[in-house]
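Dear colleague,

Please find below the structure that I am handing over to you. My notes on what was found in it follow directly after.

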Amino acid sequence: MTKLVELIVSGTIRGALYALVALGFVVIYKATGVINFAQGGLLLIGTYLTYNAHVTWGLPFWPAVGLATALTALTGVAVERTVLRRMAGQPVFAVIMVTLGLLIVVQQVVPAIWGYDRLNLDDPWGVRRLSFGGIHVDLKDVWALAVVAVVLAALFAFFRYGRYGLAMRAMAIDQEAAMAQGISARRVVALSWGIAGAVATLAGVMLAAGSGGVDPAKDVIALAAFPAIILGGLDSPVGAVVGGLAIGLSQALTGGYQPDHAAFLGAGFDTVMPYVVMVLVLLARPCGLFGTRDVVRA
Amino acid sequence: MDGLSLFASRRSRNLTLALIVGVAAYPLVVRSELWLTVLLFVGATAIGAVGLNLLTGFTGQVSLGHAFFLGLGAYTACYLGNPTGGAPAGRGLPLFVWLPLAALLPGLVGLVVGPAALRLKGNYLAVVSLGLVFLGAHVFKQWSSVTGGSDGTSVAPSLALGPVDFAGIGGLTRNQSLFFLVWGMVGLTTLGSRNLVRTRPGRAMQAVRDREVAAEVIGVSVARYKLGAFAISSGLAGLSGALYAVVLTYVEPGTWSLALSIQFVAMIIVGGIGTTTGGVLGALFVGGLPEVVRHYSASIPFVARTASERGLSLPQLNQILFGLCIVGFLVLEPRGIAALWARAAHRSGEHRVQARPHPL
Amino acid sequence: MSDDLTKAPVLEVEGLTLRFGGITALDRVSLDVRSGELFAVIGPNGAGKTSILNCLSCLHRPQEGSIRIEGNELVGRRPMAAARAGIARTFQNLGLFPSLDVIDNLMLGRHQRTSTGFLAGAIWVGKARREEVLNRRRCEELVELLDLQPHRRARVGALAYGVQKRVELGRALAMEPRLLLLDEPVAGMDAEETADIARLIVDVNAELGLAMILVEHDMAMVMGVADRLLAVDFGRVIGSGTPAEIQADPRVIEAYLGRPQGRVL
């Protein structure tokens, strides 16, 4: 029983991080209709900038995170302005590939600057653990959940009440009509890249905190988060969170039980579990659990 | 009646003939093992790139799952062609059995997976096909009786076709001989693909790409041509993977990674989406670039020449250039190198092939 | 004029009702088109004209009613089935394949009249070549008929709108249909182009004896070429008959006088 609870806790925490990454995908998708494969790259940039600001330049932790978040958001905006804006009106496939190309570049530039070694983020939580009735939880994971909750609340408020949030929703429904209403498509798209950069930084920091460490392979979480958005539906923030949690939980539970109860599936099956879940869901519902039907028409 | 000949113009025909002569002479003239190996990889991957171009360029379906089908083809070749005594043991079947099956089997798997995948479009298809690579890698890792598991397997199938042994024709080395097999297959693939796209099935594929609804209204079965393109693309990926493995002589599950899939997409983008020659040109570019970079590395700034020196390593630089090429071509010349080729080939005034502003 | 009542109907539509959510786009529409007849559907914007064509080419699935072409029921089937049953059409906003050239677009009209498969196509020698040569000849005839010679190898997406309209008509004719649906074939054309197309439509109708349904805004043209008309408004049939009958029909006049389009009658 303890094992089950522990698995659920660790799955939830992992799922929350997936959700955070997935939210970055959703924000850009809502504004542009394209999955940003470079999201993992933004995550790397944000995490290493945090490391630089905190460890190298000696800023206190939270101001360092704030600075890195702002810089990564600006990076996102800059990438949109310089590269993706030129791709407006091009087929989805072409835009996806541009973001993939950008990811490849970032994946190499980051280790060229900071090296391949795992670096310690020197965050305030370290490896401290809390204990609730026999269940151990890393302190930084509790904070991770809190960060996810705050970001989520902020994004919801933004989409519901913010001027640009509403604009973004209008754009997602009908780009031409939205533009006819005087909504600046360019600003909305640039803003979405900014938000994606900020969200990616927070996800990266929470991933690298404690025993995680900063290393250039941290962007693989973005690959694992793909199934979360597919599961939740590309254009739904709620879906991203539910999808992220579902993937995190299924992964943790598979990791906990499959080696004993379904060994024939092979070692390391939990790492591909998100994709198994994704395929099964798509066979039943081609637009995910919360997606709008139109999304499939891409 | 124009358009019935294989080539768009006389000049294009002459250029192609010159190219064929050049390719055939290459292994006899170029004695450098390095450049032979590079061109062997280029040839093996060109087949897969031509296949992917049929799916993505001509039918408009994105796939990041190409590496999975390459792996399938490679392991089919290993299982059927490797000697019976090896570990893992093969079946010791001859070339004319394992090579066609290395294309057929992945093609069949494509037919089975296709209907589920092709219900999805654009973004969804991209992510799901990516899932195919991860799931495939897991299966490859587990199925150690065929793949050798994480340790990998050597690739040593018989390369004899009747009296000709592509492991050593006459007094030629293995790489020289293999060159004829690989590039012979490139020739066949390119020819078949060119024929396909200029006849009924290829036209239907392009109709599906351009406008699905209109295609259906004129009686084109969208599902049939999507699925057909997917199966052919998977089959050519299998053939490509088998030859790629033979050139490598050793493969492990990690060979068939997402990075490999991305390379193939990069090939068709750089070479020219929706053109037959694009796949080959792209494979040449993607395969040749690292060697060119290595050759000139001494004169490129920021490159570390020794392990202790700070700066970019060569592989890093290659990857960066590679990423920049994808971005650069898509932003600046979405029609790829093939467009430059077409321009060169048609300067003679025979403007039969029309310039196409954007391939998709 | 071929309003010979003894001719068998090519198309019989009965009680067609089409709803989108709560909106009724078509309300019990019935019509029949006889072999060789040039049938026109008129009505104000949003009256349901295009919806009728979309039902006929199986792009919309009506909730009620039946569509029979030469006795075969089409309701509930895929667009391909309509094509196979012999229905060809053009679209109001063009349904061409923009990145292919004129010849390829016309050859695509030959798709169901040919059978080269993937393998035969890749091999080329033999069947594929024979079919290409044979069908190319037919397409070249259409190029002549439609005056498309200067554009043969031009990418369709780059051609002028009027030329594209002709290409689309050519593609529909290449299908050798039993019934041709034309959705506003002269929309956006000047008077001279309109006259050309009108002449062409009449010629094709006369020479090939091809049954046609023409949806058009240009009343003068419709009244000039159609054998019979159907007037629709708000998804309902408000009148049908010869051009003369329609022009005298009080319901039709009212429908048109009640709104700006009234001036065209």
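Two residues are taken to be in contact if their C-beta atoms, placed from the backbone, lie within 7 Å. Please note that this is a predicted model, in which local features need pLDDT of at least 70 and side-chain atom pairs count only at pLDDT 80 or more, while totals for chains, interfaces and linings use all residues. Residues are numbered from 1 along each chain as its sequence is written, and chains are lettered from A and ligands numbered from 1 in the order in which they are written.

I begin with the chains. Of the two pairs of chains that touch, A and B have the most contacts. Here 38 residues of chain A meet 36 residues of chain B. Helices (H or I, at least four residues) and strands (E, at least two) are DSSP runs, numbered from the N terminus. On the side of chain A that touches chain B, the elements giving two or more residues are α4 (92-114), α9 (220-232) and α11 (269-284) of chain A. The largest share, 14 residues, is that of α4(A). By class, this side of chain A has 31 nonpolar, five polar and two charged residues; Ala, Val, Leu, Ile, Met, Phe, Trp, Tyr, Cys and Pro count as nonpolar, Asp, Glu, Lys and Arg as charged, and the others, Gly among them, as polar.

Chain B also touches chain C, with 29 residues of chain B in contact with 39 residues of chain C. On this side of chain B, two or more residues come from each of α7 (174-197), α8 (200-210), α9 (212-217) and α10 (222-248) of chain B. The helix α8(B) gives the most, with eight residues. The classes on this side of chain B are 12 nonpolar, 10 polar and seven charged residues. Chains A and C do not touch, and their nearest C-alpha atoms are 14 Å apart.

Within chain B, helix α12 (residues 276-295) packs against helix α13 (residues 314-332) at an angle of about 130°, with the axes 10 Å apart. Axes are lines fitted to C-alpha atoms, for helices over the stretch in contact, and angles run from 0 to 180 degrees between N-to-C directions. The contact involves L289(B), P290(B), V293(B) and R294(B) of α12(B), together with L314(B), L317(B), N318(B) and L321(B) of α13(B). Six nonpolar, one polar and one charged residues make up this contact of α12(B) with α13(B).

Chain C holds an open sheet of four strands in the order β2-β1-β4-β5, with antiparallel pairing; two strands pair if DSSP finds at least two bridges between them. At the edges stand β2 (23-34) and β5 (72-73) of chain C, each with a single partner strand, so one side of each has no neighbour in the sheet. Five bridges join β1 (residues 9-20) of chain C to β4 (residues 64-69) of chain C, and L11(C) has I69(C) as its bridge partner in β4(C). Helix α1 (residues 49-56) of chain C packs on the sheet, touching β1, β2 and β4 of chain C.

Elsewhere in chain C, four bridges join β6(C) to strand β7 (residues 179-183), and the two run parallel. In β7(C), L179(C) is the bridge partner of I87(C).

Yours sincerely
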